[in-house]
Amino acid sequence: MGSYREFHRRSIAERDSFWAEEAKLVYWHKPFGKVLDYSQPPFAKWFVGGETNLCYNALDRHLAARGKQKALVWISTEVDQTRSFTYEELFSEVNRTAAMMQSLGVGRGDRVIIYMPMIPEAAFAMLACARIGAIHSVVFGGFAAASLAARIDDARPALMITADGGSRMGKVVTYKSLVDEALKLAKHPPKKVLLFKRGLDPAMRIVEGRDVDWNSLEKNFSGKSVPCAWLESSEPSYILYTSGTTGHPKGVQRDVGGYAVALASSMRRIFCGEAGESMFTTSDIGWVVGHSYIIYAPLIAGMTTIMYEGVPIRPDAGIWWKIVQDYKVAVMFSAPTAVRVLKKHDPAFLKKYDLSSLKHLFLAGEPLDEPTHVWITEALGRPVIDHYWQTETGWPLLSAHPGVEKTPLKMGSPSFPVYGYDVRLLHEVTGKPVADGEKAVVTITPPLPPGCMTTVWGDDARFVKTYFNDFKGQLVYSTFDWGIRDKDGYYFILGRTDDVINVAGHRLGTREIEEAVSMHPDIAECAVVGVADELKGQMPLAFAVSKSNSFEKKKLEREIMETVDRQLGAIARPKAVHFVTLLPKTRSGKTLRRSIQALAEGRDPGDLTTIEDPNALEQIKQALHP
Ligand code: AMP
């Protein structure tokens, strides 16, 4: 591990010279004067005074050498279409979109909410925002109107961009009608909505004076070029909302320069993606993985990025491997849940196609269990690299680094701390570093490296309070994940320390779901816990107290599920709702979620000395095993 260790050591001990070197991977319009300003801990400003632009690095910079190379390939197995764009073509689409946005009044620093399915126009919109210095906030299409409205009110966008609909498993998912609903709920709606029509929702309504048709508007701006806004390195590039322990999602704010450097560097040191090669990331642009490794990083590296609308098993479970063969994919990035889905299908699909172009498959977003890691490694015959990160970090924080040194992989482990991250495992009570083999909280000693969140949008105090407040007397960033390091230095992630659950790689706060369940008028109170699920990793399970004594369980359960769908979206729908007359609580009124979760997973409920009424736990047991 000589060279990895040395690389990591230098990134911390010789931070300035290390990152000044990595920063050469990015084009700087104006060179930075200082690598890091850490005069106001924990706020880190990287590459101070430097001016750059994410869109310039992703597109303009490649025009001379690879203008005719494919930059973006969009494949939809939902609507049976493929569209490809060379760097030149993507450049002109993005310029036109930027001009359209400017004509609608969007300028530097303005927010733009993008609520779109996986179509090329979503990529144009993100890159166009980056070009003119507008701050995009992409909201995942699975979120419901109320969740979208909360994000609108926090970001206060000048413009929203949407499409009539998307498609999932051959069924139309309407987007525009949901935007209409959200804009009715929002207190600070934007004046304009730019609408891309795919012809998927003929019943869609148009709001005169507010909705602007993309296709009509773009005619006015063909061939238009829009200069890049040169942004100081620490200016915001985007906001991405994520769930936490409170009911209100946090706007993770990212910078420009640090993010560009982290992405360019990670493509080389971790993902081993080279200019001219293809990268296929199966995530959605609504998630951080989509921002970093569908859009920005592969383009900054001069690669061809593949954007996929569809599921892994349609038309059959060989579709992703066919894409790897057809586009000679060198780097692939997916999630453990998708692999677990594929595992249920005929393994012959993995042998049917020529996968010789594939250097590595990277998996992240949720714990990768050892059997799944072994299965996919054997089935592919290629190294499968588990790596661990969060929306907050923007790029991996634990990973193998094949671009630095090919260290052996251990099944079920995301290997080692990524360079730039001073990762420490701290005892949850004492806050002291633990010995190898002892379970503790995964923390980062600040400053956070380039690419990580710089603050919570509009709320610096919340940034400090949320992330740097877990250990008394110590300013350390808590990941809120349990981890353990073995004697060889390999890390293993053991789940969250807080009330956040991970459903098929999507992060949800149990508080958020509880609030949604409680929106049902017949519910007095409830507790939601995450329980282990074979396919999705975890699923929410709800225990609810009804206001009335007589009700039809199945009917009320269905209504609660519909309420959650409406408030948060189907991704948050509980697996089941169990009814009890009281919830297990401590004498101080705190719901004993860990005990409920333990019972639901068939484990010991743990220390119950603080419980107010033991009968409550009996009811949970009864509900689970009637
Ligand atoms: P998100 O911000 O939605 O990407 O969720 C981040 C959370 O997902 C982390 O805090 C972990 O709990 C979990 N996670 C991400 N990657 C991994 C991984 N490779 N192994 C275990 N857990 C992971």
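The following conversation looks at aromatic pairs, charges over rings and the ligand site in a predicted model.

Visitor: What should I keep in mind about how this model is treated?
Guide: The model is predicted, so local features need pLDDT of at least 70 and side-chain atom pairs count only at pLDDT 80 or more, while totals for chains, interfaces and linings use all residues. Residues are numbered from 1 along each chain as its sequence is written, and side-chain values use heavy atoms, with hydrogens and water left out.

Visitor: What makes two rings an aromatic pair, and how many pairs are there?
Guide: Rings of Phe, Tyr and Trp (its six-membered ring) pair if their centres lie within 6.5 Å, and planes under 30 degrees apart count as stacked, over 60 as edge-to-face and the rest as tilted. By this rule there are 41 aromatic pairs.

Visitor: Why is the pair of W19 and W46 called edge-to-face?
Guide: The ring centres of W19 and W46 are 6.1 Å apart, which is within the limit of 6.5 Å, and their planes stand at 65°, which is over 60, so the pair is edge-to-face. W19 belongs to helix α2 (residues 15–22) and W46 to strand β2 (residues 43–48), 27 residues apart; helices (H or I, at least four residues) and strands (E, at least two) are DSSP runs numbered from the N terminus.

Visitor: How do you know whether W19 is buried or exposed?
Guide: Buried means under 20% relative accessible area, exposed over 50% and partly exposed in between (1.4 Å probe, protein chains only). W19 has 0%, so W19 is buried.

Visitor: Why is F551 called partly exposed?
Guide: The relative accessibility of F551 is 30%, which falls between 20% and 50%, so F551 counts as partly exposed.

Visitor: What makes R151 count as a charge over the ring of F143?
Guide: A charge sits over a ring if NZ of Lys or CZ of Arg is within 6 Å of the ring centre and within 35 degrees of the ring normal. R151 lies over the face of F143, at 4.3 Å from the ring centre, and K439 lies over the face of W482, at 4.8 Å from the ring centre.

Visitor: What makes the approach of D481 to the ligand a polar contact?
Guide: A polar contact is a pair of N or O atoms within 3.5 Å; within protein, one must be able to donate a hydrogen and the other to accept it, and residues adjacent in sequence count only if both atoms are side-chain atoms. An N or O atom in the side chain of D481 is 2.5 Å from an oxygen atom of the ligand, so this pair meets the distance limit.
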